[in-house]
Amino acid sequence: MTKIENRVSARSIRRGAMVLTTVLLASVVASRKSNWNAAVAAQAPPAGPSIQLNPVVPPTVTFGDRTPVAIENAFDIFSWNSFIALNWPPGPNGKGDPKKKPGQSGDNATVWETWIGLDNIFLEGGKTPSWDAPPVIPQACQVNRRKGEPVLVMVGKTPNLLTAADQPFKTGPLIDQNKTYARFEIHANRSMFDYILNNKLYSRAGQSAFTGTVSFPCGGGTDAGAIMLKAAWKVLGTGDDPKHFHRTQALVYTAASSNPTVGESCTRQTVGLVGFHIGRRLNISSQWVWSTFEQIDNAPDDTEVRGGTLKSKYNFFNPACKDCPLNEPPPRPWVPNRPDKRPTQVVRINSLPEQAIASAKQQNQTAQALLAGVARKSVWQYYRLISTQWPTQTNNNCTANPANPNGTPFPQFLANVTLETYVQGTTPQSSSSCINCHGNATMTNGAASDFTYLLENAK
């Protein structure tokens, strides 16, 4: 990054901090319920946020010092506290069990895996979904499925066997170094599901009849608000250390195709979590706050490639290959259950400003040490926050400024190499930016859908 770019980034985050601080101070006048508001009202220095082992999903971002650096840190701390709570061992009610800790036995089932999946919200024929209904399972997987076993169907936002919305713009499947397709899934929490259900947005007919403005519940107070997340998985195979991944047994499904001719398949595999993307609608942000995490061995940064400071092995990069095309989709046809596959050579395009890089690095060190302190064998220490994207200009009470609906996000670009593999970079309207991309989301009738593409799946 040049000195000019550094100065521009610094000015951008300072302006964002000033605007966001104004919004936050306005909320102080309106309410004194939060710890931060109470501290301001008492004219005492606000306590800074910290990363904690806490099973409660944080309802919003906690701010202490209101300098630009401290605000950036606060958002990244919020991201890590969300990650920890969502990956907490669940109790019988699906919430984090306070008697347990994540990774105390090495690995654990998680809270978010109890949430409803995309295919169970948007049913064939626009049928009414139910949170507690049995999951929708392809016929080929029904015979051998064990109770509670997930079925992974999604392989990307692409045609020809790849059917669900995941990778925007320039697309293609992601193939690991063992020549196996990555798989994806989307989940929503109860708050988000109930809003879809109560407003009948699960069907095309319901969306056509809906006359209001889609506005999902905002987190704040004791309510976490609407949460949606995407998870990326790889089949664990040769050379993978299973102790470095959150793992599950899953049925990996591929639909039949006539062009090319491919038979339907459903096989049981051990899969490891490689990407985790959280969208949170909060009382300070109508544009949602976006937190993206990856397993630490996914791919090198472009600076590491140029400098030759590479690890011996990555999930999606071969250090020994000198002429492999970088960040290019594999050639068609894209057939997950055929052997003629070429691994994707993934490199992270370093598009983040230095402030975001420094904050994520600091919080990663703190969180990873905290998680390793639970147990030396904890898998959760092998994940890292890439960054948090948040709007620098927003109104209070979870509303957007009509003159700036996307709120000037910071950082401007943010990509997860497992979810936005082929759209990394710094090109406006083309490179990955959570808020700017999701700001274009609509329902099936073309009406705005509040920064989520989920509603496009209505039938």
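In the predicted model, C321 and C324 form a disulfide, with their sulfur atoms 1.8 Å apart. The torsion about this S-S bond is 100 degrees, and the link is right-handed. C324 counts as partly exposed because its relative accessibility is 27%.

This bond belongs to a set of three disulfides. A second one joins C141 to C266, at a sulfur separation of 2.0 Å. Its S-S torsion is about 115 degrees, so the disulfide is right-handed. The C141–C266 pair links distant parts of the chain. C141 sits in helix α5, residues 139–142. C266 sits in strand β8, residues 265–282. The two cysteines are 125 residues apart. The relative accessible area of C141 is 1%, so C141 is buried.

Another disulfide connects C218 and C398, with an S to S distance of 1.7 Å. Here the torsion about the S-S bond is about -70 degrees, so the disulfide is left-handed. This pair, too, links distant parts of the chain, 180 residues apart. C218 lies in the loop between α7 (204–209) and β4 (227–235). C398 lies in the loop between β10 (383–391) and β11 (409–410). The two partners fall into separate accessibility classes. C218 is partly exposed, because its relative accessible area is 23%. C398 has a relative accessibility of 9% and therefore counts as buried.

Counting bonded cysteines along the chain, the disulfides follow the pattern 1-3, 2-6, 4-5. C434 takes part in no disulfide. The cysteine sulfur nearest to that of C434 belongs to C437, 8.1 Å away. From the side of C437, the closest cysteine sulfur is that of C434, and 8.1 Å is too far for a bond because the cut-off is 2.5 Å. Both residues are nevertheless shielded. C434 is buried, because its relative accessibility is 4%. C437 has a relative accessible area of 12%, so C437 is buried.

Two asparagines were examined next. N315 is found in the loop between α8 (302–307) and α9 (354–374). Its relative accessibility is 3%, so N315 counts as buried. The N315 side chain makes a polar contact with the side chain of Q295, at 3.1 Å. Beyond its neighbours within four places in sequence, N315 is in contact with D176, Q177, K234, D240, F245, V274, Q295, D297 and N298. The Q295 side chain thus appears both as a contact and as a polar partner of N315.

N298, one of the contacts of N315, is found in the loop between β9 (285–295) and α8. N298 has a relative accessible area of 0% and is therefore buried. A polar atom of the N298 side chain lies 2.8 Å from the backbone oxygen of V274. N298 and V274 are 24 residues apart along the chain, and their C-alpha atoms are separated by 7.0 Å. Leaving aside neighbours within four places in sequence, the contacts of N298 are V274, Y314, N315, F316, F317, V417 and T418. V274 is also in the contact list of N315. N298, N315 and V274 therefore touch one another pairwise, given contact as heavy atoms within 4.5 Å.

Terms used: Residues numbered from 1 in each chain as written. Predicted model: local features only at pLDDT ≥ 70, side-chain atom pairs only at ≥ 80, totals over all residues. Heavy atoms only, no water. Helix = DSSP H or I, 4+ residues; strand = E, 2+ residues; numbered from the N terminus. Buried < 20%, exposed > 50% of the residue type's maximum accessible area, 1.4 Å probe, protein only. Polar contact = N/O pair within 3.5 Å; in protein donor to acceptor, adjacent residues only side chain to side chain.
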